[in-house]
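Grab your viewer and let's work through some charged side-chain pairs. Each exercise comes with its solution.

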Amino acid sequence: RDSSEKLSSLQVELIEQNSVNEQMQVSHQNLESQLQDAHRACADSASRYEEAQLALQQLRQELAAIAKRNANRCDELRSEADTHMASLQQAHSGRDVLHAELREYQALCREWEERHHSSSRDSSEKFGSL
């Protein structure tokens, strides 16, 4: 009787242990599945990181090219502005020369008018006294 109780008790313990073992196997399989998911996620993340790094490198190259084009365009615009400024200074210089010549011409005209007016008056006085 003792042995049958002992056997029964061992069978119950064995059933409980089998149940625990099955639960442990399910937990182990779940952990294995989670670990595989984590490995895939990590690989995906690494792949996305590499893609992002390549995209960033490409953007940096494009930005450098744009900056170079902008710098070249600025140099061109500076050169054009210098050329226009030189032309403007020449025009101002030419205008100043023309103004000076105009003043000389006006002075000569006034002088001629004064002489002409004065000689006309002298002639009319001479003829008027006759």
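The exercises below deal with salt bridges in this predicted model.

**Exercise 1.** Find how many salt bridges a search of the whole structure gives.

*Solution.* Searching the whole structure turns up 6 salt bridges.

**Exercise 2.** Check the pair Asp 37 and Arg 40: how far apart are the closest N and O atoms, and where do the two residues sit in helix H1?

*Solution.* Start with the distance: the closest N and O atoms are 2.3 Å apart. The cut-off is 4 Å, so a pair within it counts as a salt bridge. Next, the positions: both residues belong to helix H1 (residues 2–129), and because they are 3 residues apart there, about one helical turn separates them. Finally, the surroundings: Asp 37 has 38% relative accessibility, so it counts as partly exposed. Arg 40, with a relative accessible area of 47%, is partly exposed too.

**Exercise 3.** Work out which residues are linked with Arg 73 in a network of salt bridges.

*Solution.* Take Glu 76 to begin with: Arg 73 forms a salt bridge with Glu 76, with 3.0 Å between the closest N and O atoms. These two are 3 residues apart in helix H1, which means a separation of about one helical turn. Arg 73 is partly exposed at 40% relative accessibility, and Glu 76 is partly exposed at 41%. Now add Glu 80: Arg 73, Glu 76 and Glu 80 are linked in a network of salt bridges.

**Exercise 4.** Decide whether Asp 96 is buried, partly exposed or exposed, and name its salt-bridge partner.

*Solution.* Partly exposed means between 20% and 50%; Asp 96, at 42% relative accessibility, counts as partly exposed. The partner is Arg 95, with the closest N and O atoms 3.2 Å apart. Arg 95 is partly exposed as well, at 39%.

Technical notes: Residues numbered from 1 in each chain as written. Predicted model: local features only at pLDDT ≥ 70, side-chain atom pairs only at ≥ 80, totals over all residues. Heavy atoms only, no water. Salt bridge = Lys/Arg side-chain N within 4 Å of Asp/Glu carboxyl O. Helix = DSSP H or I, 4+ residues; strand = E, 2+ residues; numbered from the N terminus. Buried < 20%, exposed > 50% of the residue type's maximum accessible area, 1.4 Å probe, protein only.
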